[in-house]
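This report describes selected features of a two-chain model, from single residues to the contact between the chains.

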Amino acid sequence: MTSASTRRGSKLWYLLLIIPYIGVLWVPFYNSLQPEFNGIPFFYWYQFLWVIISAVLTWIVYRATE
Amino acid sequence: MNWTALTVFILLFAVVTVLGFVAARWRRGDLNQLHEWGLAGRRFGTVVTWFLLGGDLYTAYTFIAVPALMFGAGAIGLFALPYTIVVYPFVLMVFPRLWSVAHKRGYITGADFVHGRYDSPALALLIALTGILATMPYIALQLVGIQVVIGAMGFNGTGWVGDLPLIIAFAILAAYTYTSGLRAPAIIAVVKDTLIYITVIAAVIIIPEQLGGYGHIFASIPAKKLLLATPPAGSWGAYSAYGTLAFGSALTLFLYPHSVTGVLSASSRKVIRRNTALLPAYTFLLGLIALLGYMAIVSGVRDMPQYAPYFKQYGPNFAVPALMLHSFPAWFAGFAFGAIAIGALVPAAIMSIAAANLFTRNIYRPYVQPNCTEKQEASMAKLVSLVVKVGALAFVIFLPLKYAIQLQLLGGVWIIQTLPALVIGLFSRWLHRWALVLGWAVGMASGTWMVAKLHFAGTVYPLHIDGLVVPGYAALYALVINLVVAAVFTVVFNALGVARGKDHTAGVDYESE
């Protein structure tokens with residue numbers, strides 16, 4: 001890859017954005033109480049965790065495609 | 001009457017009123033031009049846009065209704081979380097392109113873009129009408145947020161005296177929106193979001209302490225509410241409902257005119273791109289707010305006699321105000337109520353501006369006054385912003401609340417039908433303009449039909465596929481029908497040689513800085 005195209009960033013980075021959809025839209029995977037985290041059921045802390053993961057992935061894609 | 005809370009509330013309200021009028025001078029521009037009044041001259045940087053979009057998308061109604069749903073129905077109410085998680089990757093892929101082409105071509109509304117892209121005034125008119133139709137009940141619902149907190153402070157008179165505080169609040173809002181345009185909600189959004197963050201951070205620290213910690217709160221919620229019901233045999237049950245509500249709502253959110261207005265007022269493409277990674281802070285906040293519904297259950301406010309008349313009047317929507325009154329000293333409850341009420345003013349202002357932009361640009365100018373000057377265009381928009389607010393106010397005062405809620409549910413089903421023209425149009429012009437019109441019509445009709453079959457009480461339609469029941473968000477199902485019709489008729493119209501019109505945009509417009 002030439003330096004110019006590295007700087008512009010590959011469109012392939014956008015594929016990372018699919019990950020949050022898989023993470024939170026497949027509901028049966030996380031509709032459970034266990035494993036708990038400090039008394040918080042899995043269903044809840046799992047989705048809160050994805051807020052952060054998704055924001056980080058979005059930031060990475062934003063930077064990489066700048 | 002809760003005088004301490006009321007005093008704090010009125011003080012906050014006075015501050016934002018002053019700010020609303022002062023905003024006219026902020027980043028000064030000629031407010032007799034529509035792009036200055038209605039888009040604040042496209043001058044907002046990353047921070048202001050963060051506040052503006054945050055204040056715009058996470059409305060006061062959301063702050064009341066999401067915890068109310070958790071309070072009443074349990075886990076299903078948390079779909080607001082995956083919804084506002086997956087919306088931002090979508091926005092990053094799509095909406096910088098809208099910003100770029102709009103900036104390059106001077107578009108102020110989504111319908112402007114559709115007009116230019118497809119050379120079709122008819123399609124643009126339909127997009128504009130759909131936007132206005134979906135926005136009106138949404139504005140009305142913002143008033144509900146104000147109504148509930150005003151009621152919570154002891155103003156629960158009947159008749160027009162009972163509505164007086166609401167009328168005053170809206171008259172003030174209308175006045176500064178008229179004079180300052182989008183600058184007013186932008187500057188107020190900074191205050192509002194600061195108040196909301198303080199309130200929520202205080203709430204999620206203080207209240208769980210009073211209630212014995214998060215572990216104890218979750219342990220006290222009935223098992224039936226804590227998780228989604230396991231689907232019965234032959235159905236995907238609550239799983240597909242939860243997933244499609246989240247996904248469909250995420251597709252819908254940025255199609256609303258007030259979202260488009262927020263996007264187009266940014267000063268650069270980069271501002272939008274960067275904000276897709278920063279706005280999830282509000283999503284986290286929303287998740288915490290949702291949990292207030294559970295805290296309200298555990299605190300037992302429902303069965304306290306002093307709150308009984310309010311629950312009777314406002315239903316589960318009173319859960320959060322009751323929790324605040326119960327858990328906080330009066331002055332901080334007033335602070336929290338101020339945050340919620342001001343939180344209603346920001347989106348209500350932006351929504352009315354967005355509807356005014358649509359009416360002026362895509363109905364008034366092409367159909368009523370084709371030769372209007374820039375000044376006439378801006379004056380018309382200001383006037384329409386007033387009319388829209390009076391309409392929303394009348395709606396809330398004269399009609400039962402359930403109509404506003406039902407229309408807002410329908411609004412989501414309707415606005416998603418603009419996705420093929422608006423979103424796909426940003427990437428490809430393959431779909432034929434008349435096929436898009438047909439797809440829109442069939443999508444609107446089928447979506448409305450599904451919601452009617454549910455007696456307008458909800459939007460989760462039980463789709464039967466070969467013996468399997470897949471309950472899902474009606475908006476998404478109707479969108480699929482819309483897309484199929486649009487694709488099939490594109491092939492048909494192309495074969496018949498129906499004119500495709502001229503594209504007034506160029507490929508490079510969509511990437512321009």
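Directly after helix α4 of chain B, B:Gly74 adopts a positive phi of about 90°. The model is a predicted one, and this holds for every value below.

The helix that B:Gly74 follows, α4(B), covers residues 60-73 and has 14 residues. From its first C-alpha to its last α4(B) reaches 20 Å, close to the 20 Å expected at 1.5 Å a residue. The helix is mostly covered, with twelve of its 14 residues buried. Those buried residues run from B:Ala60, B:Tyr61, B:Thr62 and B:Phe63 through B:Ile64, B:Ala65, B:Val66 and B:Pro67 to B:Ala68, B:Leu69, B:Met70 and B:Phe71. Their packing partners are five helices of chain B, listed here with their residue ranges.

| Helix of chain B packed against by buried residues of α4(B) | Residues |
|---|---|
| α5 | 80-105 |
| α7 | 121-152 |
| α15 | 280-299 |
| α17 | 319-327 |
| α18 | 330-368 |

Two of the buried residues of α4(B), B:Pro67 and B:Phe71, recur among the contacts of B:Ala296. Leaving aside neighbours within four places in sequence, B:Ala296 is also in contact with B:Val301, B:Ala319, B:Val320, B:Ala322 and B:Leu323. The largest nonpolar core holds 208 residues, and B:Ala296, B:Leu323, B:Phe337 and B:Ile340 are the members that touch the most others. Helix α18(B) provides the largest share of this core, 22 residues.

B:Phe332 also lies in α18 of chain B. Is B:Phe332 buried or partly exposed? B:Phe332 counts as partly exposed because it has 19 C-beta neighbours inside 10 Å, whereas a buried residue needs 20 or more. In sequence B:Phe332 and B:Thr4 are 328 residues apart, while their C-alpha atoms are 9.1 Å apart in space.

Chain B also contains a hairpin. Strand β1 (residues 460-465) pairs with strand β2 (residues 468-473) in the antiparallel sense, over six bridges. Within this pair, B:Pro462 is opposite B:Pro471, and B:Ile465 is opposite B:Leu468. Two residues lie between the strands of the hairpin, where B:Asp466 takes a positive phi near 50°.

Chain A has three helices and zero strands, and its elements run α-α-α from the N terminus on. Of its 66 residues, 27% count as buried. Among contacts in chain A between residues at least 6 apart in sequence, 62% join residues at least 24 apart.

The last topic is the interface between the chains. Here 26 residues of chain A are in contact with 30 residues of chain B. On the side of chain A that touches chain B, helices α2 (18-25) and α3 (42-64) each supply at least two residues. Helix α3(A) gives the most to that side, with eleven residues. By class, the side of chain A that touches chain B has 19 nonpolar and seven polar residues, and no charged residues.

Definitions and conventions: Residues are numbered from 1 along each chain as its sequence is written. Chains are lettered from A and ligands numbered from 1 in the order in which they are written. This is a predicted model: local features need pLDDT of at least 70, side-chain atom pairs count only at pLDDT 80 or more; totals for chains, interfaces and linings use all residues. Two strands pair if DSSP finds at least two bridges between them. Helices (H or I, at least four residues) and strands (E, at least two) are DSSP runs, numbered from the N terminus. Two residues are in contact if their C-beta atoms, placed from the backbone, lie within 7 Å. Ala, Val, Leu, Ile, Met, Phe, Trp, Tyr, Cys and Pro count as nonpolar, Asp, Glu, Lys and Arg as charged, and the others, Gly among them, as polar. The expected span of a helix is 1.5 Å times one less than its number of residues. A nonpolar core is a set of buried Ala, Val, Leu, Ile, Met, Phe, Trp, Tyr and Cys residues joined through C-beta atoms within 7 Å.
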